[in-house]
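Ready for a few hands-on exercises with a structure? Try each task yourself before you read its solution.

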Amino acid sequence: MSFTLIPQATPRLHRSELAVPGSNPTFMEKSASSKADVIFLDLEDAVAPDDKEQARKNIIQALNEIDWGNKTMMIRINGLDTHYMYRDVVDIVEACPRLDMILIPKVGVPADVYAIDVMVTQIEQAKKREKKIGFEVLIETALGMANVEAIATSSKRLEAMSFGVADYAASTRARSQVIGGVNHDYSVLTDKDEAGNRQTHWQDPWLFAQARMMVACRAYGLRPIDGPFGDFSDPDGYISAARRCAALGYEGKWAIHPSQIDLANDVFTPSEAEVTKARRILAAMEDAAKAGKGAVSLDGRLIDIASIRMAEALIEKANAMAAS
């Protein structure tokens with residue numbers, strides 16, 4: 001292990017992140033009874049310019065009057081390149097003690113996060129706000145991905161990063177057919193076999209970006225979250241995308257439709273078999289320590305320190321889910 005120890009972000013259950021437009025009070029009321037771990041009330045892409053001021057008022061009313069239970073409540077503010085952003089931050093943070101986090105879109109450089117941090121810090125001090133607001137940033141441009149490691153260390157408020165695949169595709173000029181989906185042209189053609197036949201293997205065009213963001217998150221104690229899958233009529237496609245990210249090390253995924261919430265929760269919830277194995281690993285470690293053994297093995301396999309840390313993290317997540 002490095003002598004440099006990185007503190008972990010505030011722990012939160014973050015399997016599913018539901019996007020809800022701030023311009024629709026009915027959707028906000030319904031989302032409160034959903035099974036989403038995190039809800040972000042949107043002021044940015046889902047709200048037309050003429051509706052942004054009213055959406056801000058709707059969100060303030062919703063955060064103050066609706067019972068959100070133990071959900072993590074977040075707002076997505078407008079971009080720093082708009083004149084809407086400062087009012088999003090000032091009006092809502094000043095008026096809403098229930099707010100937990102702010103989602104900052106299209107972050108390109110660390111200074112973008114710093115700017116919001118300055119504003120939020122001054123509001124918290126002026127209002128004597130007891131609960132410190134956390135940040136999640138959206139990495140959805142080529143500039144943001146190029147600076148993702150620096151952005152990961154930009155603020156102590158930062159807890160998570162989301163991969164915004166739609167705007168990222170636009171920024172990189174990728175030929176995306178479905179938001180978050182794959183493209184049949186992004187494939188590998190095998191050599192001919194003895195009969196002259198060839199096979200086509202589809203590839204994941206987002207793997208590099210998702211992997212790079214995941215490494216930045218894990219290196220600096222943040223939660224990596226995958227963004228939207230646009231075709232909510234295709235649950236199999238959503239599940240496939242979610243499973244790829246879960247295997248990569250992501251903690252959760254966006255839901256842009258209520259039907260995607262359970263899918264995300266299922267994929268990012270450890271199975272009973274995984275939890276059982278993790279508990280057996282920790283038990284084996286404890287038994288070896290009591291016996292004064294330097295090596296720990298389970299089922300004929302050596303258990304190293306990485307296995308133990310993974311088991312501890314999985315048990316911690318399972319306990320958090322059981323308590324939710």
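Some ground rules come first, and then the exercises with their solutions.

The model is predicted, so keep in mind that local features need pLDDT of at least 70, side-chain atom pairs count only at pLDDT 80 or more, and totals for chains, interfaces and linings use all residues. Residues are numbered from 1 along each chain as its sequence is written, and side-chain values use heavy atoms, with hydrogens and water left out.

**Exercise 1. Describe the largest pocket: its volume, its lining and the elements that supply it.**

Step 1: get the terms straight. Rolling a probe the size of a water molecule over the atoms shows where empty space is left. Here, a pocket is an open set of points on a 1 Å grid over the protein atoms alone, where a 1.4 Å probe fits, with protein on both sides within 12 Å along at least five of seven lines; lining residues have an atom within 4 Å of a point. A volume is the space filled by probe spheres set on the points, and grid points are joined across faces, edges and corners.

Step 2: read off the volume. For the largest pocket, that's about 1,500 Å³.

Step 3: look at the lining. There are 44 residues, and Arg309, Met310, Ala313, Leu314 and Lys317 lie nearest the centre.

Step 4: assign elements. Helices (H or I, at least four residues) and strands (E, at least two) are DSSP runs, numbered from the N terminus. At least two lining residues come from each of α8 (207-219), α11 (272-290), β12 (301-303) and α12 (305-323). The top contributor is α12, with 12 residues.

Step 5: sort by class. Ala, Val, Leu, Ile, Met, Phe, Trp, Tyr, Cys and Pro count as nonpolar, Asp, Glu, Lys and Arg as charged, and the others, Gly among them, as polar. That gives 23 nonpolar, 8 polar and 13 charged residues in this lining.

**Exercise 2. Do the same for the second largest pocket.**

Step 1: its volume is about 490 Å³.

Step 2: 26 residues line the second largest pocket, with Ala19, Val20, Pro21, Ala46 and Ile256 nearest its centre.

Step 3: β1 (16-21), α1 (25-31), β2 (38-42) and α7 (165-172) each put in at least two residues. Of these, β1 gives the most, with 4 residues.

Step 4: the class count for the second largest pocket is 15 nonpolar, 5 polar and 6 charged.

**Exercise 3. Trace the strand pairing around β9 and β10.**

Step 1: set the criterion. Two strands pair if DSSP finds at least two bridges between them.

Step 2: start at β6 (residues 158-163), which runs parallel to β9 with 4 bridges joining them. Met161 has Pro224 in β9 as its bridge partner.

Step 3: move on to β9 (residues 223-226) and β10, parallel and joined by 2 bridges. The partner of Ile225 is Gly252, while Asp226 is bridged to Lys253.

Step 4: finish with β1 and β10 (residues 252-255), a parallel pair over 3 bridges. Here Glu17 partners Trp254.

Step 5: check the connection. β9, helix α9 (residues 235-248) and β10 form a right-handed β-α-β unit; right-handed means that, with the strands pointing away from the viewer, the path from the first strand over the helix to the second runs clockwise.

Step 6: check the burial of β9. Buried means under 20% relative accessible area, exposed over 50%, partly exposed in between (1.4 Å probe, protein chains only). Arg223 and Ile225 on one side, and Pro224 and Asp226 on the other, are all buried, so both faces of β9 are covered.

**Exercise 4. Which phi sign do Lys106 and Lys128 have, and how accessible are they?**

Step 1: recall the background. Most residues other than glycine have a negative phi.

Step 2: take Lys106, in the loop between β4 (101-104) and α4 (110-127). Its phi is positive, near 50°. Lys106 counts as partly exposed because its relative accessibility is 33%.

Step 3: take Lys128, in the loop between α4 and β5 (134-139). Phi of Lys128 is also positive, about 50°. At 68% relative accessibility, Lys128 counts as exposed.
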